[in-house]
Amino acid sequence: MSKVMINTQRKKGKISKYIYGQFAEHLGRCIYEGLYVGNDPDIPNTNGMRNDVIAALKELDIPVLRWPGGCFADDYHWRDGIGPKENRPYMVNTNWGGVVENNHFGTHEFFELCRQLGCEAYVNANVGSGTVQEMRDWVEYMTFDGDSPLANERRANGDDEPFKLSFLGIGNENWGCGGNMRPEYYSDLYRRFSTFIRSKQKIYKIGCGANSDDTQWTETVMKNAGKFMDGISWHNYTFEDGWDNRGDSIVFDADGWYNNMADVVLMQKRLRDQIAVMDSTDPDGKVDLIVDEWGNWFEVMAGTNPGFLYQQNTMRDAVAGMLILHMFHNANRRVKMANIAQMVNVLQSMVLTEGERMTVTPTYYLFKMMKGHQDAELLDASYDAKSIDTKRGAIPKLSLSASEKNGAVTITIANTSLTDDEELEIELDKAFASVAAEYLTSGNMCDVNTFDEPDKIRPQALNAELSGSTVKVTVPKMSIAAITLK
Ligand code: AHR
């Protein structure tokens, strides 16, 4: 039996709801088929968005959605995606499989998707192959409420009212697919582009940050352009054993499980390094860290287009995902948004589709079970995380995070062990009247939800005994759990 102490009087900052953000790129079957089916008579849809996928995603209370990329963003020209569909030019999606993109999903469709999901919009502008004028015109097209040629063009294309543009990214991975730039050069471009984001709307500006362990990019960009930013991005994907040994999403053994958890531990170190650079370059904490791409990246499913990044999703993804989200909670001083990659059919997805069929993944349930943390106050929690030795170093056996919102306490717990359940006695500093608990696990670590068996992995009620201020619960091996106290 392990003891956990949670003190509701000791608040440790707000967990921004935007940490539970999503990302949808023109990549593989994320946008087309996954979210948008146009007039396909075989898939029920509303204004082109498929009803089954939207209904499932709405359950997650998605706060923000990033679009159109990713690498695609720096190849995207927004004018190609407005006006009558039959007039929209085709382009080749050179980043992702060289497939032909018909631009039927563009600006108006993106904001319609956000409207249906009830989320805010995070648009990523093109710096790599775009111009300042192109970006400033897009901002005017989206946000101007007066009488201007661009605003009137938007009206002619069906939307009288300006769209609400909450977040704007200035380029993506400009150290790589977004132009192979040096940080000094990007910093100057950032300064120039961001100057021309002029709108009556308050648009939160996000600069392109570094990849995984690169602190030099962050330091240079922060020093040269940080004062013009609201947030700077950071991308970190997790693998089994680095990029060159990513592993398979469904064929793995115990080492494959634990190595992936060890990659999460490495990510923790890298996050600390990023925050240390920000603390030294921005001691007043004016610039937020925006982790706008994260998640498990494995080899594509056998027989699928390598450029489509389609992978399946197991309990390993849900457990690793909870460790990462807890990491963001603990870094809430700097981390104000995160966007898992990606929402549908790409990398660590919430939803998978195959034609008119769909299923949700263990990662979907992870996000659903953690909803109570959105915009809640993080609480002080002390416990012995224990440790498990792996081939890539020690990992915690347990990860726990507690928060409070409107009098309700949410506690989420991951048990990374493949062999041992964990009995917990959770002691709070005040009594509660009711407890509800659920957990997610499966018989085999490689199990997945499929289109034929979509309910193989789904949350189940967890027995939790509440007596005053104490909760006793056993968190099964290889599981995630969520407890709500009122
Ligand atoms: O999410 C897939 C890709 O990973 C994104 O397009 C890019 O930004 C990153 O390298």
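The exercises below work through a predicted model of one protein chain, each with a solution given in steps.

**Exercise 1. The chain as a whole**

Work out whether the radius of gyration of the protein chain agrees or disagrees with that of a compact globule, and describe the chain's overall make-up.

*Solution.* Begin with the secondary structure, where the protein chain holds nine helices and 26 strands. Next take the overall extent: along the principal axes, the C-alpha atoms fill a box of roughly 65 × 55 × 45 Å. For 486 residues a compact globule would have a radius of gyration near 23 Å, and because the protein chain has 22 Å, the two agree. Turning to burial, 60% of the 486 residues are buried. The contacts can then be sorted by separation: among those between residues at least 6 apart in sequence, 76% join residues at least 24 apart. Finally, the protein chain exposes about 18400 Å², of which carbon and sulfur atoms supply 46%.

**Exercise 2. An arginine in helix H8**

Determine whether Arg316 is buried or exposed, and find which side chain makes a polar contact with the side chain of Arg316.

*Solution.* First locate the residue, which has its place in helix H8, spanning residues 315-330. Its relative accessibility is 0%, and since buried means under 20%, Arg316 counts as buried. Then look at the polar partner: the side chain of Arg316 makes a polar contact with the side chain of Glu240, at 2.8 Å. Last, list the surroundings; when residues up to four places away in sequence are not counted, Arg316 touches a set of residues including Glu240, Asp248, Ser249, Phe252, Trp257 and Phe298.

**Exercise 3. Salt bridges along the chain**

Establish how many salt bridges the count comes to, and examine the pairs Glu219 with Lys223, Arg333 with Asp279, and Lys456 with Glu453.

*Solution.* As background, side chains of opposite charge can pair when their charged atoms come close. With a limit of 4 Å between a side-chain nitrogen of Lys or Arg and a carboxyl oxygen of Asp or Glu, the count comes to 38 salt bridges.

Step one concerns Glu219 and Lys223, whose closest N and O atoms are 2.9 Å apart. Both residues lie in helix H6 (residues 215-225), four residues apart, which is about one turn of the helix. Glu219 is partly exposed at 31% relative accessibility, whereas Lys223 is exposed at 56%.

Step two concerns Arg333 and Asp279, whose side chains meet in a salt bridge of 3.0 Å, N to O. This pair links distant parts of the chain, 54 residues apart, with Arg333 in the loop between H8 and strand E13 (335-341) and Asp279 in helix H7 (residues 254-281). Arg333 has a relative accessible area of 55% and is therefore exposed, while Asp279, at 28% relative accessibility, counts as partly exposed.

Step three concerns Lys456 and Glu453, which form a salt bridge with closest N and O atoms 3.8 Å apart. Lys456 is partly exposed, with a relative accessible area of 38%, and Glu453 is also partly exposed, with 41%.

**Exercise 4. Two glutamates in strands**

For Glu425 and Glu377, identify the strand in which each is found, and decide whether Glu425 is buried or exposed.

*Solution.* Glu425 has its place in strand E21 (residues 422-428), and its relative accessibility of 16% falls under 20%, so Glu425 counts as buried. Leaving aside neighbours within four places in sequence, Glu425 is in contact with Met1, Ser2, Lys3, Val4, Thr470, Val471 and Lys472. Two of these contacts reappear in a network of salt bridges, which links Lys3, Glu425, Glu427 and Lys472.

Glu377 is found in strand E16 (residues 377-383), and it is partly exposed, with a relative accessible area of 28%. With neighbours within four places again left aside, Glu377 is in contact with Lys11, Gly13, Lys14, Ala402, Ser403 and Glu404. The C-alpha atoms of Glu377 and Asn406, which stand 29 residues apart along the chain, are separated by 9.7 Å.

**Exercise 5. A nonpolar patch**

Find which residues form a nonpolar patch on the surface together with Val100.

*Solution.* The patch is formed by Tyr90, Val92 and Val100, which together have about 320 Å² of accessible area. Of these, Val100 has its place in strand E7 (residues 99-101), and Val100 is exposed, with a relative accessible area of 54%.

Note on methods. Residues are numbered from 1 along each chain as its sequence is written. This is a predicted model: local features need pLDDT of at least 70, side-chain atom pairs count only at pLDDT 80 or more; totals for chains, interfaces and linings use all residues. Side-chain values use heavy atoms; hydrogens and water are left out. Buried means under 20% relative accessible area, exposed over 50%, partly exposed in between (1.4 Å probe, protein chains only). Contact means heavy atoms within 4.5 Å. A polar contact is a pair of N or O atoms within 3.5 Å; within protein, one must be able to donate a hydrogen and the other to accept it, and residues adjacent in sequence count only if both atoms are side-chain atoms. The radius of gyration is taken over C-alpha atoms; the globule rule is 2.2 Å times the number of residues to the power 0.38. Accessible areas come from the Shrake-Rupley method with a 1.4 Å probe; for residues, only the protein chains shown count as cover. Patches are made of residues with over 30% relative accessible area and no salt bridge: like charges are joined within 9 Å, nonpolar side chains (Val, Leu, Ile, Met, Phe, Trp, Tyr) within 5 Å.
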